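Reader: Hi! Could you walk me through this one?
Author: Happy to, here it comes.

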Amino acid sequence: INSPQVNSGFNAFEILSDGRVVIGAYDKKVYVSANDGTSLTTLTESTAIVNVLMEDHNGDLLVGTSNGNLYRYNTDSWAVETLSLAHGASIVSLEEFDNSTYHIGTQGGKLTQVDVAGFSEGETYDSTGRVLGSKQEFTGEIYIVTSSATSSKIRLYDLDTDGDGVTWVNP
């Protein structure tokens, strides 16, 4: 079984929980096909290269693009919501924590939290390098994994877990 051919090439793919195959392409489109390779739909809302795809706990499809736009599609109706991140940095990683917060990682070292329910931008944490991923602890710490040409790091952002009014960052 093959996916539909994407002539422009692609950066990302996701297999949805129902078996549908989703491909994010250099031509700024998202291609959806059945698991037998039959083309189902093409999503054309993006205005930039699609870098990353993720299915969340609700079965919605998140699409992150090179111009800092985040799209959320209902995978039943393909209705779309759009969020343009204030910093506009290229989105390269997507994660979800506690079914309530998305972590949006960028090429330029930023990690932005997005509220799942309101699909709204929250805090942004600055780092250096490409954000590969993150982990958020229930006690308030956020670990951000970054990589650049010269180093890879895990940074700890302690969001005042001791209640002293001071946020601490381990560079």
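Author: Let's begin with one pairing: Leu62 has Arg72 in β7 as its bridge partner. Strands here are DSSP runs of E, at least two residues long, numbered from the N terminus.

Reader: Before we go on, what kind of model is this?
Author: This is a predicted model, where local features need pLDDT of at least 70 and side-chain atom pairs count only at pLDDT 80 or more, while totals for chains, interfaces and linings use all residues. Residues are numbered from 1 along each chain as its sequence is written, and side-chain values use heavy atoms, with hydrogens and water left out.

Reader: Thanks! How many bridges join β6 to β7, then?
Author: Four bridges join β6, residues 61-65, to β7, residues 69-73, and the two run antiparallel. Two strands count as paired if DSSP finds at least two bridges between them.

Reader: And what is the strand order in that sheet?
Author: The order is β5-β6-β7-β8, an open sheet of four strands with antiparallel pairing. The edges are β5 (50-55) and β8 (80-84), and each has a single partner strand, so one side of each lacks a neighbour in the sheet. On average, neighbouring strands are turned by 20 degrees against each other, direction ignored. For that angle, axes are lines fitted to C-alpha atoms, and angles run from 0 to 180 degrees between N-to-C directions.

Reader: Back to Arg72. Which side chain does Arg72 meet in a salt bridge?
Author: Arg72 meets Glu81, at 2.9 Å from N to O. A salt bridge here is a side-chain nitrogen of Lys or Arg within 4 Å of a carboxyl oxygen of Asp or Glu.

Reader: Is Arg72 buried or exposed?
Author: Arg72 is buried, at 5% relative accessibility, whereas Glu81 is partly exposed at 36%. The cut-offs are under 20% relative accessible area for buried and over 50% for exposed, with partly exposed in between (1.4 Å probe, protein chains only).

Reader: Cool. How many salt bridges does a search of the whole structure find?
Author: It finds three. One of them joins Arg20 and Asp18, with the closest N and O atoms 2.7 Å apart. Arg20 is buried at 15% relative accessible area, and Asp18 is partly exposed at 46%. Asp126 and Lys110 also meet in a salt bridge, at 2.6 Å from N to O. Asp126 is in strand β12 (residues 120-126) and Lys110 in strand β11 (residues 110-115), so this pair ties together parts 16 residues apart in sequence.

Reader: Are those two buried or exposed?
Author: Both fall in between: Asp126 is partly exposed at 49%, and Lys110 is partly exposed at 23%.

Reader: New topic: how many aromatic pairs are there?
Author: The structure holds two. In one, the rings of Tyr71 and Tyr73 have centres 6.5 Å apart and planes at 25 degrees, so the pair is stacked. Rings of Phe, Tyr and Trp (its six-membered ring) pair if their centres lie within 6.5 Å, and planes under 30 degrees apart count as stacked, over 60 as edge-to-face and the rest as tilted. Tyr71 is buried at 3% relative accessibility, as is Tyr73 at 1%. Together with Trp78, Tyr71 and Tyr73 form one aromatic cluster.

Reader: Last one: what is the order of the sheet that holds β1?
Author: That open sheet of four strands runs β1-β2-β3-β4, with antiparallel pairing. Its edges are β1 (10-15) and β4 (39-43), each with a single partner strand. From one strand to the next, the twist averages 20 degrees. Five bridges join β1 to β2 (residues 21-25), and the bridge partner of Glu14 in β2 is Val22.
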